[in-house]
Amino acid sequence: TIPEVVLNDGYKLPKVGLGTYQLRGGMGYQQIISAIKDGYRSIDSATNYDNEGIVGKAIRDSGVPRDQIFVSSKLPGKYHHYDDALNAITESLARMGLDYFDLYLIHWPLPKRKLYVEAWQALITAQKLGLIKSIGVSNFEPEHLDRIIQETGVTPSVNQIEIHPYWVNDERVQENAKRGIVTEAWSPLGRGSSALSEPIVVKLAEKYQKNPGQILLRWHLQRGIVPLPKSTNLNHQRANLDVFDFELTGDEVKAINTLNRQDGRIDGQDPNEYEEFE
Ligand code: A2P
């Protein structure tokens, strides 16, 4: 079984989940089914990934009871108006063939449109209606978090942001924690980039008899972050869950932090100019 973290609303989130960006079609369906059979109990989708149909079908066909899988999806930016957001959530559920989400996130704040508070109010309503258990956000800066908390009195359970060795993001993780928000990491392995072949990472992999991906996932976990690695490779999928039987030292975690080069997809941009990437 996968260890879990308790969210600020009392629900439990598995400490590693499967990212599903770009998992689509028959292949995607098979890969998600096999991930669930291999032990994944948290699956992260989004309306914009255009895969809610196969994700939901894989969950329904997996043979694992619905209440044992933590299912997440995300609201597209074009549906931030209150009524549109509520519709989008019910349509998202219909595509999945499910009657509730464990977690639903506002995918991007898109602050220029000034509608994310309205979208947040819709998530609060959907939660009251029983359509969503936990509500959260993604790619929110501290100022966006404070705005929705101040205007509604409801704190998100999760903020999912980009984190990997080239974009360590210590400050945002601390800002989330300060507000009682659990941080999830998208692209936790740096999108399969050269972070996996950094000498320090390879050296630690040899030391612990693990693969570089497992070292990076351990680095996230020890920083209190819930990583959502995605993989189309069954061996990688399996390996990415097998990260609870070893521990890096504090110095090793710090050594990986030094790879930071502020190389994030949204770094350096005016938050008002954020685009919706996916
Ligand atoms: P593959 O599908 O061949 O496993 P991210 O989650 O940061 O976006 O990274 C995903 C990328 O990392 C994919 O290209 C995936 O390739 C690769 N990947 C996933 N898990 C591992 C692993 N344990 N070791 C090496 N590469 C991995």
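**Entry 1: strand β9.** I began with the side chains of β9. V182, E184 and W186 point one way from the strand. T183 and A185 point the other way. All of them are buried. I note that this is a predicted model. I then looked up the cover of β9 as a whole. The strand spans residues 182-186 and is mostly covered, with five of its five residues buried.

**Entry 2: from β8 to β9.** I followed the chain into β9. It leaves β8, passes through helix α6 (residues 170-178) and arrives at β9. This β-α-β crossover is right-handed. Next I checked how the two strands pair. β8 covers residues 158-162, runs parallel to β9 and is joined to it by five bridges. I found V158 opposite V182 of β9.

**Entry 3: the other neighbour of β9.** I turned to β10. Two bridges link β9 and β10, and these strands also run parallel. Which residue of β10 is the bridge partner of E184? I looked it up: V226.

**Entry 4: the whole sheet.** I stepped back to place these strands. The sheet is open and has eight strands, ordered β3-β4-β5-β6-β7-β8-β9-β10. Its pairing is parallel. I looked for the edges and found β3 (18-19) and β10 (226-227), each pairing on one side only.

**Entry 5: the β3 edge.** I went to β3 last. It pairs with β4 (residues 42-44) over two bridges, in the parallel sense. L18 stands opposite I43 in β4. I also looked up a helix on the sheet. Helix α3 (residues 82-96) packs there and touches β5 (70-75), β6 (101-106) and β7 (132-138). The direction of α3 makes about 140° with that of β5.

Technical notes:
Residues numbered from 1 in each chain as written. Predicted model: local features only at pLDDT ≥ 70, side-chain atom pairs only at ≥ 80, totals over all residues. Pairing = 2+ DSSP bridges. Helix = DSSP H or I, 4+ residues; strand = E, 2+ residues; numbered from the N terminus. Contact = placed C-beta atoms within 7 Å. Axes fitted to C-alpha atoms, helices over the stretch in contact; angles between N-to-C directions. Buried ≥ 20, exposed ≤ 12 C-beta atoms within 10 Å, placed from the backbone. Right-handed = clockwise from strand over helix to strand, strands pointing away.
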